[in-house]
Amino acid sequence: MNPVFTLEASDGAARVARLVTTHGTIETPAFMPVGTYGTVKAMTPEELQGLGAQIILGNTFHLLLRPGAKIIAAHAGLHGFMHWPGPILTDSGGFQVFSLKSLRRITEEGVTFRSPVDGSEVRLTPEDSMDMQLALRSDIAMALDDCTEHPSTEAAARASMERSMRWAERSHRHYYAAAEPPGGLFGIVQGGMHVNLRLASLEALSRLDWPGLAVGGLAVGESEAERLAVLEALVPHMPATRPRYLMGVGRPEDIVAAVLRGIDMFDCVMPTRHARNGHLFTADGVINIRNSIHQEALGPIDPQCGCYTCRNYSRAYLRHLDRCNEILGARLNTIHNLHFYLELMRALREAIRAGTLGAWAAAFLAARRGADAVA
């Protein structure tokens with residue numbers, strides 16, 4: 001079934017809504033933990049549910065390479081394969097192909113690339129991506145896009161965007177030609193940092209009926225000012241009755257800034273990847289648990305945090321686990337970082353409902369100013 005989006009409250013451009021899918025309802029603004037290979041690293045599905053995760057993201061590209069569509073289809077889809085009962089969004093594989101660069105060749109038909117797993121040649125067309133996502137049976141699938149290089153000339157960005165729009169039409173036709181599509185297909189707005197191309201992309205997508213739209217091609221090396229300029233020019237023209245998904249973003253500050261501008265859905269590897277590297281999010285910024293200052297610290301990561309890790313373990317213990325390369329350290333760090341992100345989304349929803357988002361966001365951003373400097 002196509003996801004159904006219902007607005008419940010707004011505060012300026014920000015909104016709270018409910019997105020109903022086959023496998024459950026998502027309250028937005030929402031953050032999707034990334035489960036690249038059919039697992040959110042170090043977490044069981046039950047732990048993710050306990051943290052409040054409503055939806056997770058699966059990676060079509062990596063699951064196509066390993067284990068492949070056949071074995072996942074034998075489990076009745078990705079939900080059964082990974083034992084996750086809630087909604088799943090799958091990306092199209094476009095960004096991963098984009099990141100391969102020297103290993104790929106893009107044509108009008110699609111992309112041919114060398115597998116980073118075994119070096120074999122792999123083809124990915126819009127139709128191939130849809131077939132894989134149909135086999136995964138995700139609640140939300142994504143159209144295959146050509147992720148625009150950054151920086152990029154306007155001419156190169158236009159060619160990439162127009163190819164993405166042709167691929168979007170092919171993706172839409174193939175996905176909805178399936179006998180019983182398991183979910184809905186989102187289109188992706190492209191166009192690089194060129195606002196005129198972004199608006200042209202949105203206009204092209206508007207010729208088809210999408211249950212949601214994503215903003216792609218950001219978080220690829222552009223400045224914060226460039227990213228916000230694109231959002232400010234684009235988002236007011238996106239359909240108000242459909243969810244808006246900003247792909248691959250990002251830092252807590254980036255999420256708050258995007259919610260203020262009307263974005264509803266986010267994903268990023270940052271909370272889990274940072275956790276494995278000892279970088280932990282707090283209300284005042286990011287701490288590096290590997291720094292010697294934490295060697296004898298008896299307090300938790302964040303005294304204001306109520307997660308399992310902060311309720312039970314000291315910074316000194318977490319630093320010890322990290323230095324000894326103990327798996328438990330990565331798990332406890334991941335629990336904390338995902339808790340931080342999911343609590344951030346809860347706080348944003350509460351502030352929007354209360355009509356206090358402006359003041360809440362100003363205080364949050366002021367507290368985190370310079371938060372990228374780890375301690």
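The following legends describe an overall view and several close-up views of a predicted model of one protein chain.

**Figure 1. Overall view of the protein chain, with 15 helices and 17 strands.** The C-alpha atoms occupy a box of roughly 60 × 45 × 40 Å along the principal axes. The radius of gyration is 20 Å, which agrees with the value near 21 Å for a compact globule of 375 residues. Buried residues account for 54% of the 375 residues. Of the contacts between residues at least 6 apart in sequence, 67% join residues at least 24 apart.

**Figure 2. Surface and charged side chains of the protein chain.** The accessible surface is about 15200 Å², and carbon and sulfur atoms contribute 52% of that area. There are 36 positive and 39 negative side chains. The centres of these two sets are 2 Å apart.

**Figure 3. Close-up of the largest nonpolar core, a set of 51 residues.** The members that touch the most others are L231, L246, I255, V259, F266 and L348. Helix α14 (residues 327-354) gives the most to this core, with seven residues. A further core lies apart from this one and has 18 residues, including F5, A30, Y245 and M247. In soluble globular proteins, nonpolar side chains tend to be buried together.

**Figure 4. Close-up of L246 and its contacts beyond four places in sequence.** With neighbours within four places in sequence left aside, L246 is in contact with V215, L218 and L231, and also with A258, I263, M265, F266 and D267. L231 and F266, like L246, are among the residues that touch the most other members of the largest nonpolar core.

**Figure 5. Close-up of R158 in helix α7 (residues 154-177).** R158 has a relative accessible area of 34%, so this residue is partly exposed. Apart from neighbours within four places in sequence, R158 is in contact with N196 and L197. K41 is 117 residues from R158 in sequence, and their C-alpha atoms are 37 Å apart in space.

**Figure 6. Close-up of helix α13 (residues 315-323) and the elements packed against its buried residues.** The buried residues of α13 are R315, A316, L318, R319, L321 and D322. These buried residues pack against strand β17 (285-288) and helices α12 (308-312) and α14. Helix α14 is also the element that gives the most residues to the largest nonpolar core. After α13 comes N325, with a positive phi near 55 degrees.

Methods:
Residues are numbered from 1 along each chain as its sequence is written. This is a predicted model: local features need pLDDT of at least 70, side-chain atom pairs count only at pLDDT 80 or more; totals for chains, interfaces and linings use all residues. Side-chain values use heavy atoms; hydrogens and water are left out. Helices (H or I, at least four residues) and strands (E, at least two) are DSSP runs, numbered from the N terminus. The radius of gyration is taken over C-alpha atoms; the globule rule is 2.2 Å times the number of residues to the power 0.38. Buried means under 20% relative accessible area, exposed over 50%, partly exposed in between (1.4 Å probe, protein chains only). Contact means heavy atoms within 4.5 Å. Accessible areas come from the Shrake-Rupley method with a 1.4 Å probe; for residues, only the protein chains shown count as cover. Lys and Arg count as positive and Asp and Glu as negative; His and the chain ends are not counted. The place of a charge is taken as NZ of Lys, CZ of Arg, CG of Asp or CD of Glu. A nonpolar core is a set of buried Ala, Val, Leu, Ile, Met, Phe, Trp, Tyr and Cys residues joined through side-chain atoms within 4.5 Å.
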